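Thank you for sending this model along for comment. Below are my notes, set out as numbered points for someone meeting the structure for the first time.

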Amino acid sequence: MKTPAVLAFVFLAGLTPAGAAAQSPWAVDQDASRIEMAVQAFGGSHSGRFNDWRGDVVFDPARPERTQATVVVQAASLTMGQAAMTRRAASPGFLDAGRHPVIRLELRSLQPLAPSRFTARAEVTMKGVTRPVAFPVDLRVAGDRAHLTGSFALNRADFGIGTSGPWSRLIGRQVTVRVALQARRD
């Protein structure tokens with residue numbers, strides 16, 4: 001149950017610079033940003049937040065389709081509403097933070113949909129498994145500040161999270177990851 005939440009947050013966690021020289025690096029303001037996840041379990045919704053992640057973005061407001069970033073999240077940094085859920089999420093049957101300490105998101109592009117609205121195309125890697133994701137994001141740029149918000153759903157079973165034992169039936173397969181990132185041009 002904590003594992004699905006962790007997966008969702010991993011996607012949004014952190015960014016490391018990558019991209020063309022024409023683009024400028026942007027630094028993520030971690031204090032103003034968040035990566036969260038939510039999953040249905042035991043008859044209710046349970047959410048969590050990743051607290052240890054890092055990132056930088058290479059982004060040109062005139063060419064957002066060239067945006068590239070690597071998000072790096074520490075799996076063990078997920079905290080949920082109850083300590084028991086937090087421990088379960090990091091355990092071998094779920095995120096297995098001991099053997100797979102990092103969750104990674106590789107943003108490949110932002111495809112324009114409308115002004116300030118894009119489809120983010122990325123790959124998420126958890127527990128040694130990589131899967132593509134595409135999801136809508138809002139991106140607002142004002143001078144040297146940018147704010148990106150979006151969410152996507154992952155099937156925890158695709159990453160081998162909580163697929164054995166009684167947890168498999170007690171926790172929803174879909175984990176929703178929500179991201180709100182604020183960045184400034186370096």
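**Notes on the predicted model**

1. Of the 186 residues in the protein chain, 47% are buried. This is a predicted model, and the values below are computed from it and should be read with that in mind.

2. The secondary structure of the protein chain comprises three helices and 13 strands. When contacts between residues at least 6 apart in sequence are considered, 69% of them join residues that are at least 24 apart. The accessible surface of the chain amounts to about 8400 Å², and carbon and sulfur atoms account for 49% of that area.

3. A reader might begin with E106, which belongs to strand β9, spanning residues 102-114. Is E106 buried or exposed? Its relative accessible area is 17%, and because buried is taken to mean under 20%, E106 counts as buried.

4. Which side chain does E106 meet in a polar contact? The partner is T70, whose side chain is joined to that of E106 by a polar contact of 2.8 Å. T70 also appears in the list of residues that E106 touches once those up to four places away in sequence are set aside, a list that further holds A69, R121, A122 and E123.

5. D96 deserves a careful look at its backbone, since this residue has a positive phi of about 50 degrees although it is not a glycine. D96 is placed in the loop between α2, which covers residues 83-90, and β9, and despite that loop position D96 is buried, with a relative accessible area of 7%.

6. The surroundings of D96 can be described in two ways. Apart from neighbours within four places in sequence, D96 is in contact with A89, A90, S91 and K127. In addition, the C-alpha atom of D96 is separated by 10.0 Å from that of G160, a residue 64 places away along the chain.

7. S116 is another residue with a positive phi, here about 65 degrees, and it too is not a glycine. S116 sits in the loop that runs between β9 and β10, the latter covering residues 117-126. Where D96 is buried, S116 is partly exposed, with a relative accessible area of 24%.

8. For orientation, strand β9 ties these points together: E106 is within the strand, D96 is in the loop between α2 and β9, and S116 is in the loop between β9 and β10. I would suggest finding β9 in the view and then locating each of the three residues in turn.

How values were computed: Residues are numbered from 1 along each chain as its sequence is written. This is a predicted model: local features need pLDDT of at least 70, side-chain atom pairs count only at pLDDT 80 or more; totals for chains, interfaces and linings use all residues. Side-chain values use heavy atoms; hydrogens and water are left out. Helices (H or I, at least four residues) and strands (E, at least two) are DSSP runs, numbered from the N terminus. Buried means under 20% relative accessible area, exposed over 50%, partly exposed in between (1.4 Å probe, protein chains only). A polar contact is a pair of N or O atoms within 3.5 Å; within protein, one must be able to donate a hydrogen and the other to accept it, and residues adjacent in sequence count only if both atoms are side-chain atoms. Contact means heavy atoms within 4.5 Å. Accessible areas come from the Shrake-Rupley method with a 1.4 Å probe; for residues, only the protein chains shown count as cover.
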